[in-house]
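Dear colleague,

Please find the structure below. My notes on what was found in it follow.

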Amino acid sequence: MFFMKQFFLLFVVALIGFQGFAQDETISPTVPTTSVPTIKKKAADHFMIQVSMDNWTGMPDSISSHQKGFSRGFNVYFMLDKQFKNAPKFSIAGGVGIGSSNIFFQKMGVDLKSNSPTLPFTALDSTNHFKKYKLSTTYLEIPLEFRYSSNPKNPNRSWKAALGLKIGTIINAHTKGKELRYDTFYKQLEFCYARKTKPSSCLVKKWHAVESFVSNS
């Protein structure tokens with residue numbers, strides 16, 4: 001009889017302990033986990049190509065009146081982009097590259113070999129000139145940009161804007177002309193035909209003018 005009481009007492013204690021353990025498991029609160037949005041890290045290096053429409057500010061009328069055609073530039077840069085951690089929509093980029101510019105003129109000559117402190121531009125309205133003439137310059141440049149991206153999580157589907165500047169040094173400058181026009185010849189020839197005289201005598205004077213121009217070029 002004593003053995004039965006001890007067994008019953010142990011059974012009750014075990015049952016109470018099991019119920020308490022089960023109750024602790026069912027009422028224990030679960031802490032919800034929140035996922036923090038992550039921004040995909042974009043590539044830091046960028047190969048950039050630019051095509052520009054070039055024009056000189058402060059150009060005097062004596063030069064701007066002889067500017068003709070679509071003056072343009074072509075630039076190639078390799079840049080590194082650094083994103084701000086606290087403001088991922090903004091970044092700063094810097095790099096190095098080559099920039100070129102081509103300014104086109106009509107009836108104008110530029111003397112790059114001159115020792116003058118200012119570059120001489122000579123109007124060729126009434127003398128021999130090239131039909132197509134340009135001044136080309138090439139620079140070694142260091143660009144710096146402040147950039148904005150509306151959706152840094154997906155750079156391929158975002159609006160982008162940039163504001164920057166660049167510094168550089170000139171490494172080449174040259175002029176190039178095509179289709180030499182001898183205005184003196186045409187004017188003399190027109191004069192001869194207008195007077196209904198043989199152009200042979202006029203042409204002799206013309207060729208002397210051409211030889212003088214070519215020898216001085």
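A residue is called buried under 20% relative accessible area, exposed over 50%, and partly exposed in between. S114 has a relative accessible area of 25%, so S114 is partly exposed. Please keep in mind that this is a predicted model.

S114 sits in the loop between β4 (108-110) and β5 (121-123). The side chain of S114 reaches the backbone nitrogen of S116, at a distance of 3.1 Å.

Overall layout

The chain has 217 residues, and 20% of them are buried. Its secondary structure comes to 4 helices and 7 strands. Read from the N terminus, the order of elements is α-β-α-β-β-β-β-β-β-α-α.

Salt bridges

There are 4 salt bridges in the structure. Three of the pairs are described here one by one, each with the setting of its two residues.

One of them pairs R147 with D81, with 3.2 Å between the closest N and O atoms. This pair links distant parts of the chain: D81 belongs to strand β2 (residues 72-83) and R147 to strand β6 (residues 129-149), and the two are 66 residues apart. Are these two residues buried or exposed? R147 has a relative accessible area of 15% and is therefore buried. D81 is buried as well, because its relative accessible area is 9%.

A second pair is K131 and E179, whose closest N and O atoms are 3.8 Å apart. K131 lies in strand β6 and E179 in strand β7, so this salt bridge ties together parts that are 48 residues apart in sequence. K131 counts as partly exposed, because its relative accessible area is 41%. E179, at 42% relative accessibility, is also partly exposed.

The side chains of K166 and E141 also meet in a salt bridge, at 3.5 Å from N to O. Here too the pair links distant parts of the chain, with K166 in strand β7 and E141 in strand β6, 25 residues apart. The two partners fall on opposite sides of the 20% limit for buried residues. K166 has a relative accessible area of 41% and is therefore partly exposed, whereas E141 is at 8% and so counts as buried. In addition, salt bridges that share partners join D81, E145 and R147 into one network.

A further contact of E141

Which other side chain does E141 contact? A polar contact of 2.4 Å joins the side chain of E141 to that of Y77. E141, placed in strand β6, thus takes part in this polar contact as well as in the salt bridge with K166.

Positive patch

Which residues form the positive surface patch? The patch consists of K68, K132, K176 and K178. Of these, K176 is found in strand β7, which covers residues 160-181. The relative accessibility of K176 is 43%, so K176 counts as partly exposed. That value also satisfies the requirement for patch residues, because they need over 30% relative accessible area and no salt bridge.

To recap the points to look at in the model: the R147 and D81 salt bridge between strands β6 and β2, the 2.4 Å polar contact of E141 with Y77, and the positive patch that includes K176.

Kind regards

Note on methods
Residues numbered from 1 in each chain as written. Predicted model: local features only at pLDDT ≥ 70, side-chain atom pairs only at ≥ 80, totals over all residues. Heavy atoms only, no water. Patch = residues over 30% accessible without salt bridge, like charges linked within 9 Å, V, L, I, M, F, W, Y side chains within 5 Å. Areas by Shrake-Rupley, 256 points an atom, 1.4 Å probe, with all protein chains shown as cover. Lys, Arg positive; Asp, Glu negative; His and termini not counted. Charge placed at Lys NZ, Arg CZ, Asp CG, Glu CD. Buried < 20%, exposed > 50% of the residue type's maximum accessible area, 1.4 Å probe, protein only. Polar contact = N/O pair within 3.5 Å; in protein donor to acceptor, adjacent residues only side chain to side chain.
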